[in-house]
Amino acid sequence: TNRVLRLYNILVKLESDAFSFVDEAVELAIKNGVTGNPVLPKSAAVQFIPFDEGVFPQVLPHRADDAWRSGHPQLRMDVAENVVTLQAGRYDVNSDLILPKTHRLVIEPGTTLRLAKDVAIGVYRGIDVRGTQDAPVVITAQNPQEPFGSLGILGDGQTTSTLQHLHVSGGYERWVAGVYFSGAVSIHDHASVSLDHCRFENNLADDGLNVKHAEKVVISNCVFRDNAADQIDLDFCQG
């Protein structure tokens with residue numbers, strides 16, 4: 001089996017400006033979050049690079065104001081009580097849409113999102129995809145040869161997400177705010193996840209769907225077909 005090289009960027013925040021990686025003795029321990037096993041020095045190369053000199057892809061700012069919204073004037077969104085409701089329509093999304101950490105996302109039936117190359121949608125408080133048989137929600141790539149990044153939903157252990165009649169194709173994987181989302185749809189750290197009548201087809205990611213650390217996962221009447229590697233990957237879940 002050929003080994004695959006992955007580059008992980010770890011951002012360490014210090015409480016004191018007086019501390020220096022150059023002048024102080026530093027011991028860094030890394031473990032695999034899935035297996036719990038330590039990552040041995042022989043299998044990883046660690047290099048310290050000051051933030052202003054290094055490249056940290058997709059570490060994005062998160063603001064509670066409307067800055068995230070103003071970057072997507074074409075999206076018709078209602079915001080009330082920390083819930084963002086995306087109204088039905090056909091939209092081209094050409095840059096990352098990262099919701100504030102306090103907001104939940106609701107997508108109304110009949111919505112189509114066509115994402116540009118590498119573009120990601122990031123949500124923290126869970127998602128409700130309310131597609132129907134006659135009006136599914138579609139998330140796809142603008143160009144099938146240029147996959148979008150990921151729909152990433154990062155919870156807090158108490159979060160819930162429900163996806164109904166969602167059709168996803170042309171997705172890949174992405175780093176978003178320091179988190180690696182390995183699936184075209186990636187859901188992390190949830191109390192419950194429910195998928196009903198969803199379709200995941202022709203995605204180029206490591207996983208068509210990836211769920212990590214969910215207490216309860218219910219998948220019914222769904223189709224996973226022609227995805228590049230794992231059709232579905234559940235890590236540390238009860239399904």
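Isoleucine 232 is partly exposed, its relative accessible area being 32%. In this predicted model, isoleucine 232 belongs to strand 18, which spans residues 230-237. The side chain also takes part in a surface feature: Ile219, Ile232 and Leu234 make up a nonpolar patch, and together these residues present about 200 Å² of accessible area. A residue enters such a patch with over 30% relative accessible area, and isoleucine 232, at 32%, is partly exposed.

Attention may now turn to strand 2, formed by residues 83-86, where threonine 85 is located. Threonine 85 has a relative accessible area of 18%, and it is classed as buried because this value falls under 20%. Apart from neighbours within four places in sequence, the residues in contact with threonine 85 are Arg76, Met77, Asp78, Val106 and Glu108.

The cysteines remain to be considered. Cysteine 198 is buried, with a relative accessible area of 1%. The cysteine sulfur closest to that of cysteine 198 lies in cysteine 222, at 4.5 Å. The relation holds from the other side as well: for the sulfur of cysteine 222, the closest cysteine sulfur is that of cysteine 198, at 4.5 Å. A disulfide requires the two sulfur atoms to be within 2.5 Å, so the separation of 4.5 Å between cysteine 198 and cysteine 222 is too far for a bond. A search of the whole structure likewise returns zero disulfides.

Note on methods
Residues numbered from 1 in each chain as written. Predicted model: local features only at pLDDT ≥ 70, side-chain atom pairs only at ≥ 80, totals over all residues. Heavy atoms only, no water. Buried < 20%, exposed > 50% of the residue type's maximum accessible area, 1.4 Å probe, protein only. Helix = DSSP H or I, 4+ residues; strand = E, 2+ residues; numbered from the N terminus. Contact = heavy atoms within 4.5 Å. Patch = residues over 30% accessible without salt bridge, like charges linked within 9 Å, V, L, I, M, F, W, Y side chains within 5 Å. Areas by Shrake-Rupley, 256 points an atom, 1.4 Å probe, with all protein chains shown as cover. Salt bridge = Lys/Arg side-chain N within 4 Å of Asp/Glu carboxyl O.
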